[in-house]
Amino acid sequence: MLYEAGNDPGRVVLAARLPVIVLALSFGLVVFAFARDVVGTGGGLVAVALYAFSPDVVAHGSLATLDVPAAGFALTSAWLVWRARCRALPYLPLAGLALGAAVATKMSALAVVPVLVVLVVLSGWRARVGRWWVLGAAVAMLLPAGVLLVAAMTGDRDLGVRYAVFLAVAAAGVVVVRWRWVSGAAVVLVVFVGVSSWRAFPYYLPYSNEAFGGPAGTRLHLHDSNVDWGQDLGRLAERLARCHPGERVWLVYKGSGVPAHHGIRADDPLAVPPERVRGLLVVSDSAAARADGRLRVLLERSTPVDDVGHSITIYRRS
């Protein structure tokens with residue numbers, strides 16, 4: 001549909017990404033408002049800084065994927081339920097709309113529905129007894145995130161999820177601690193997140209922080225959408241043209257892109273006997289992580305010579 005229907009694939013993909021970009025920016029406002037309501041303006045600034053510098057948000061908030069919208073709508077619903085502790089109308093109907101949007105975006109958000117029902121009950125209880133306390137705010141922020149995470153990890157596919165929006169709001173709670181060193185530590189950690197995110201540019205999909213080796217080390221611990229969605233086909237084309245012109249290329253690519261559209265001329269190394277594969281063997285890191293049979297044999301007898309975007313490795317076979 002993208003490559004053979006006569007449309008410009010780049011324009012089609014950009015049009016698909018724009019609504020997600022708008023939503024990601026809007027959810028940043030929700031993060032600030034939620035944290036400000038709970039712990040004040042200082043907490044709101046901490047939360048929105050963590051949100052803005054989160055590599056997961058930067059990566060998936062600019063792609064036509066569903067994790068950030070689903071998490072953002074769920075967070076919006078939790079925030080509106082929190083506000084409903086003082087005024088049930090109009091916040092509870094709006095919370096229902098936001099929760100419906102989360103479920104319509106991604107089925108895993110169904111797990112949040114009973115959690116939000118419990119929060120609604122707590123909201124009504126607050127209206128009778130006078131207030132929640134800090135504990136109620138923690139429940140509103142952390143319980144939905146925990147339920148979403150467990151639902152995703154226990155599914156058959158066990159894929160990574162991006163619910164940093166909840167954690168950013170929860171982290172803002174440090175401002176309620178009146179110890180001076182806590183505030184200083186919070187500033188230091190926010191700065192660290194910002195510097196780590198800046199150093200990862202532009203490789204946000206395969207991000208790991210420095211404790212795990214940075215983006216270059218992510219493939220040693222994770223794979224699939226946490227490392228490689230086939231996002232570096234364009235970079236691969238540029239690297240081959242600049243550094244390996246005229247060499248024979250064999251490609252095992254994990255993604256739905258069309259290599260020829262980018263000018264890559266490559267053959268399938270799994271379609272011929274291993275002894276015939278000579279020259280450059282290019283393998284997506286997700287494919288390498290699950291390699292078995294013929295691909296494993298090819299990799300065992302190949303030498304890594306280059307890396308593309310921390311998601312594709314170029315090997316040499318002679």
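Histidine 310 sits in the loop between β3 and β4, the latter running over residues 312-317. The model you are looking at is predicted, and this loop residue is a friendly place to start reading it. The phi angle of histidine 310 is near 60 degrees, a positive value in a residue other than glycine. That deserves a second look, because most residues other than glycine have a negative phi. Is histidine 310 buried or exposed? Its relative accessibility is 18%, so histidine 310 counts as buried, the cut-off for that class being under 20%.

Step back from the loop into the strand before it, and you meet valine 305. This valine belongs to strand β3, which covers residues 303-308. Valine 305 has a relative accessibility of 40% and therefore counts as partly exposed. Which residues does valine 305 contact, once its neighbours within four places in sequence are left aside? They are Ile314, Tyr315 and Arg316. These partners fall within the residue range 312-317 given for β4. Looking further back along the chain, leucine 281 is 24 residues from valine 305, and the C-alpha atoms of the two are separated by 9.9 Å.

With that corner in view, consider the whole protein. It has 12 helices and 4 strands. Of its 318 residues, 42% count as buried. If you take the contacts between residues at least 6 apart in sequence, 66% of them join residues at least 24 apart.

Now for the nonpolar interior. The largest nonpolar core has 37 residues, and those with the most contacts inside it are Val31, Phe34, Tyr51, Leu75, Trp79 and Leu116. Which elements give two or more residues to this core? They are α1 (9-39), α2 (41-53), α4 (67-83), α5 (88-105), α6 (112-129) and α8 (164-171). The contribution of α4 is the greatest, at 9 residues. Apart from this core lies another, made of 13 residues, with Leu251, Tyr253, Ile264 and Val308 among them. Val308 takes us back to β3, since that strand spans residues 303-308.

Let us follow α4 to one of its partners. Two packed helices are described by the angle between their axes and the distance between the axes. For α4 and α5, the axes come within 8 Å and cross at roughly 165 degrees. The two helices are therefore roughly antiparallel to each other, as angles over 145 degrees count that way. Their crossing is left-handed. On the α4 side, the contact is made by Pro69, Ala70, Phe73, Ala74, Thr76, Ser77, Leu80, Val81 and Arg83. The α5 side supplies Tyr91, Leu92, Leu94, Ala95, Ala98, Leu99, Ala101, Ala102 and Thr105. Sorted by class, the contact of α4 with α5 has 14 nonpolar, 3 polar and 1 charged residues.

Helix α5 also holds a backbone feature worth checking. Proline 90 lies in this helix, and a cis peptide bond joins leucine 89 to proline 90, with omega about 10 degrees. Another cis peptide bond joins phenylalanine 201 and proline 202, where omega is about -5 degrees. Proline 202 is found in the loop between α9 (180-200) and α10 (233-243). Why do these bonds stand out? Because most peptide bonds are trans.

The mention of α9 leads to a second helix pair. The axes of α2 and α9 come within 9 Å and cross at roughly 15 degrees. How are α2 and α9 oriented to each other? With angles under 35 degrees counting as roughly parallel, α2 and α9 are roughly parallel to each other. This crossing, too, is left-handed. Val46, Ala49, Leu50 and Phe53 of α2 make the contact with Val190, Val193, Gly194 and Ser197 of α9. By class, these residues divide into 6 nonpolar, 2 polar and no charged.

Leucine 50 shows this contact at the level of a single residue. It lies in helix α2 and, with a relative accessibility of 19%, counts as buried. Leucine 50 and valine 190 are 140 residues apart in sequence, yet 6.3 Å apart in space from C-alpha to C-alpha. Not counting residues up to four places away in sequence, leucine 50 touches Ala168, Ala171, Val190 and Val193. Val190 and Val193 belong to α9, while Ala168 and Ala171 fall in the range 164-171 of α8.

Terms used. Residues are numbered from 1 along each chain as its sequence is written. This is a predicted model: local features need pLDDT of at least 70, side-chain atom pairs count only at pLDDT 80 or more; totals for chains, interfaces and linings use all residues. Side-chain values use heavy atoms; hydrogens and water are left out. A nonpolar core is a set of buried Ala, Val, Leu, Ile, Met, Phe, Trp, Tyr and Cys residues joined through side-chain atoms within 4.5 Å. Buried means under 20% relative accessible area, exposed over 50%, partly exposed in between (1.4 Å probe, protein chains only). Axes are lines fitted to C-alpha atoms, for helices over the stretch in contact, and angles run from 0 to 180 degrees between N-to-C directions. Angles under 35 degrees count as roughly parallel, over 145 as roughly antiparallel, 65 to 115 as roughly perpendicular and the rest as oblique. A crossing is left-handed if the near helix is turned anticlockwise from the far one by less than a right angle, and right-handed if clockwise. Contact means heavy atoms within 4.5 Å. Ala, Val, Leu, Ile, Met, Phe, Trp, Tyr, Cys and Pro count as nonpolar, Asp, Glu, Lys and Arg as charged, and the others, Gly among them, as polar.
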